[in-house]
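This report describes how one protein chain is put together. Please look at the model first and then read on.

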Amino acid sequence: MERIADWGDLTGPLVVYGGVYSNLQAFEALVTASGDVPPGNTICTGDIVAYCADAATSVAAVRRSGHRVIAGNCETQLAANALDCGCGFEEGSTCDRLSAAWYAHANAEIGAKDRAWMTDLPDWAVFTHAGRRVLALHAAPSANNRFVWPVTEDEDLRREVGIAVAAVGSVDLVLSGHSGIPFDRDLGGTRWVNAGVIGMPPHDGRAQTRYVRIEADGVVTLERLAYDPAATVRAMERAGLTQGYHRTLMSGIWPSEDVLPDALRR
């Protein structure tokens with residue numbers, strides 16, 4: 001069963017972000033960029049820990065921030081002391097092979113207190129904002145490691161919404177992350193917004209990463225997050241995390257296109 005939190009009615013602007021990915025510099029930039037939004041209106045869709053080197057310090061920074069956090073698959077796996085990230089990568093894919101190094105690094109860094117905190121994170125959260133009933137989760141209602149893309153068919157997304165509605169009742173807006181590429185889709189009655197991630201560029205040839213801002217009146221904007229990734233790259237190099245994602249922070253291109261649908265490959 002999913003752990004479902006009820007956050008009540010949130011008012012004012014919201015910031016929604018996913019995938020810190022152990023990138024402390026990106027998280028600090030996000031805090032600066034969202035400075036007018038209170039911590040209680042700032043939502044992380046999970047995967048604080050992943051590809052980059054600063055796993056423990058990133059978790060500590062997010063915990064200090066007071067942001068609302070949904071459990072990503074990485075938090076779920078770390079809380080369970082699992083030996084892999086549980087990301088949903090196809091076995092033998094580039095992402096699957098490269099995940100061994102970064103997950104092992106993160107698993108060695110994260111201590112018992114942080115794992116206990118991760119255990120208590122909700123899988124889903126419901127709340128109201130600007131007259132809409134909102135569901136926040138990591139990936140998709142059917143699985144917290146399912147990749148949902150900008151090119152995923154509307155009917156597929158509607159089936160996912162149906163799973164959510166069966167569990168929590170009516171849903172006007174779904175907020176998600178996990179896949180690393182943001183999108184905003186009107187499904188006719190329900191809107192699905194993937195906030196992307198702040199810790200890694202969305203395979204678009206730019207170093208900037210992505211997050212979402214939702215104004216007090218409900219207007220949604222997919223934002224770009226600009227920061228200097230040089231310190232993150234150096235930390236990855238010191239940690240031996242040089243399987244390609246350190247170059248992605250500068251180039252904006254993933255080393256693992258095989259995880260993407262054909263339409264999103266360069």
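Helices (H or I, at least four residues) and strands (E, at least two) are DSSP runs, numbered from the N terminus. Just after helix 7, Gly 240 has a positive phi of about 80 degrees. This is a predicted model, in which local features need pLDDT of at least 70 and side-chain atom pairs count only at pLDDT 80 or more, while totals for chains, interfaces and linings use all residues. Residues are numbered from 1 along each chain as its sequence is written, and side-chain values use heavy atoms, with hydrogens and water left out.

Helix 7 has buried residues (under 20% relative accessible area, 1.4 Å probe, protein chains only). They are Ala 230, Thr 232, Val 233, Ala 235 and Met 236. These buried residues pack against helix 1 and helix 8 (contact means heavy atoms within 4.5 Å).

A nonpolar core is a set of buried Ala, Val, Leu, Ile, Met, Phe, Trp, Tyr and Cys residues joined through side-chain atoms within 4.5 Å. Two separate cores are listed here.

| Core | Residues in core | Members include |
|---|---|---|
| Largest | 57 residues | Tyr 17, Phe 89, Trp 102, Met 200 |
| Second | 18 residues | Trp 7, Val 134, Val 212, Val 220 |

Six strands form an open sheet in the order 1-5-6-7-9-8, with mixed pairing; two strands pair if DSSP finds at least two bridges between them. Strand 1 (4-9) and strand 8 (183-186) each have a single partner strand, so one side of each lacks a neighbour in the sheet. Strand 6 (residues 132-137) and strand 7 (residues 173-176) pair in the parallel sense over three bridges.

Technical notes. Buried means under 20% relative accessible area, exposed over 50%, partly exposed in between (1.4 Å probe, protein chains only).
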